[in-house]
Amino acid sequence: MRPRPALPVVRLAPAKLNLTLAVLGTRPDGYHELHSVMVPLALSDVLSVDLAAGGDDTLHVTGADAGPLASNLVLRAFAIARQTVAGNAPTPALAARLEKRIPVAAGLAGGSSDGAAALDAAFAAWGADTSPAERLAAAAALGSDVPFFLADGPALIEGRGERVTPLRGAAGPEPGVLLVTPRVVVSTPAVFVALDAGGEGAAPDPRSTRASSEHLAAELRTGLRSADLLARAGVLAVANDLAGAAAVVVPELRAFRRGLLRLLGRPVGISGSGPTLWALYPSQVEAAAAATRVEAALADRTLVAPGAGAPAVVATFILARPAPVTTGRPE
Ligand code: C5P
């Protein structure tokens with residue numbers, strides 16, 4: 001057992017962005033084989049975990065758009081963490097507070113990130129020792145997008161999402177990201193079904209996305225400058241095999257993406273199965289200026305978004321891998 005940390009345990013749960021997303025095929029288990037370069041964003045939920053006063057795990061969610069408690073992965077993560085520890089340490093009930101800042105059901109994996117943070121916080125709160133293999137198994141049991149967050153930085157994701165290879169990320173100033181999330185519901189399973197059906201507009205070119213994804217992963221493995229990543233934005237914005245299928249599920253997404261592209265004058269991609277649209281900038285400051293322009297265009301209706309209510313518009317940046325902790329002692 002590890003010594004118990006000071007409670008509550010507080011964890012940041014970052015959003016993710018798919019810079020590429022190649023779907024290589026279907027698997028016997030019904031899931032899809034992926035090849036995706038994913039990066040964490042500064043935009044994060046905040047999870048705080050303490051021991052509960054009663055016998056049950058509890059969750060209190062605050063934030064603009066918390067979503068239904070029943071579909072929150074934090075409580076499921078606690079249950080899976082308890083099975084993982086399996087009697088090797090006491091696992092008293094936990095009380096979680098979650099501050100939601102990441103738009104819900106947006107293709108930004110906010111819920112999956114909360115789940116990954118909840119696994120980590122539960123193990124820490126219990127002082128439970130777990131191996132990397134146990135953590136990976138727990139994360140994969142929680143959802144396909146969860147293992148990525150174990151990498152704590154840019155990573156190549158393969159398999160169903162359970163094969164995670166950390167990448168070095170772009171060197172230099174952290175690239176800014178503009179996120180625009182229209183208030184439309186895009187069900188991930190429905191997008192995969194539309195992809196498999198291969199109707200008009202849904203089917204991607206099976207080779208080009210994979211080539212773009214493999215190329216970016218190779219470049220990020222050896223180290224790529226931020227400026228070079230930005231220069232790839234046009235290629236990355238079309239390197240998502242789910243984009244066409246997402247637009248089949250929500251047809252208005254196509255026109256909205258075109259409108260955003262015209263307004264911003266730069267490539268606009270879609271994250272995961274959507275509906276979040278993204279554009280890259282040299283810095284968060286420039287992404288924030290673009291966010292102001294988008295807000296203004298939405299207000300005067302030169303840009304019209306689908307869905308009930310105004311889209312969430314957020315300026316953030318790509319998180320670099322945290323620097324290794326140095327002890328200050330000589331080697
Ligand atoms: O694993 P998770 O429950 O997050 O996946 C949600 C849905 O997304 C699955 O039910 C499946 O329809 C689809 N999916 C897939 N292939 C993946 C990941 C997700 O088909 N690699």
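## The four-stranded sheet

Let's start with one residue pair: L179 has V314 in β13 as its bridge partner. Strands here are DSSP runs of E with at least two residues, helices are runs of H or I with at least four, and both are numbered from the N terminus. Two strands count as paired if DSSP finds at least two bridges between them. This is a predicted model, where local features need pLDDT of at least 70 and side-chain atom pairs count only at pLDDT 80 or more, while totals for chains, interfaces and linings use all residues. Residues are numbered from 1 along each chain as its sequence is written, and side-chain values use heavy atoms, with hydrogens and water left out.

L179 belongs to β9 (residues 176-181), which runs antiparallel to β13 and is joined to it by six bridges. The two are part of an open sheet of four strands, ordered β11-β12-β9-β13 and paired antiparallel. Because β11 (269-270) and β13 (312-317) each have a single partner strand, they are the edges, and one side of each lacks a neighbour in the sheet.

## Helices on the sheet

Two helices pack here, with contact meaning heavy atoms within 4.5 Å. Angles are taken between N-to-C directions and run from 0 to 180 degrees, using axes fitted to C-alpha atoms (for helices, over the stretch in contact). Helix α9 (residues 252-264) lies across β9, β11 and β12 (277-281), at about 20° to β12. Helix α10 (residues 284-299) touches β9, β12 and β13, and its direction makes about 170° with that of β13.

## Around the ligand

Which residues surround the ligand? Y31, H32, L34, G143, S144, R160, T188, P189 and F192 do, going by a heavy atom within 4 Å of it.

Three polar contacts (pairs of N or O atoms within 3.5 Å) are worth a look. A side-chain N or O atom of S144 sits 2.5 Å from a ligand oxygen, and a polar side-chain atom of H32 is 2.6 Å from an oxygen atom of the ligand. R160 uses its backbone instead, with an N or O atom 3.0 Å from a ligand nitrogen. On its own the ligand has 450 Å² of accessible area, and the protein covers 72% of that (Shrake-Rupley method, 1.4 Å probe).

## Two hairpins

Strands β2 (residues 22-26) and β3 (residues 32-51) pair antiparallel over four bridges, with V23 opposite L34 in β3. Five residues separate these strands in their hairpin, where G30 has a positive phi near 90°.

Strands β6 (residues 155-159) and β7 (residues 163-166) are also antiparallel, again over four bridges. Here L156 faces T165 in β7. Three residues lie between the strands, and G161 takes a positive phi near 140°.

## Backbone oddities

There's a cis peptide bond between L7 and P8, with omega about 0°; P8 is in the segment before β1 (9-18). Another cis bond joins G274 and P275, with omega about 5°, and P275 is in the loop between β11 and β12. A86 isn't a glycine, yet its phi is positive at about 40°. A86 lies in the loop between α1 (73-85) and β5 (94-100).

## Overall build

The protein has 10 helices and 13 strands. Its radius of gyration is 20 Å, close to the 20 Å from the globule rule for 331 residues, so it is as compact as a globular protein of that length. The radius is taken over C-alpha atoms, and the rule is 2.2 Å times the number of residues to the power 0.38. Along its principal axes, the C-alpha trace spans about 55 × 50 × 45 Å.

Terms used: A polar contact is a pair of N or O atoms within 3.5 Å; within protein, one must be able to donate a hydrogen and the other to accept it, and residues adjacent in sequence count only if both atoms are side-chain atoms.
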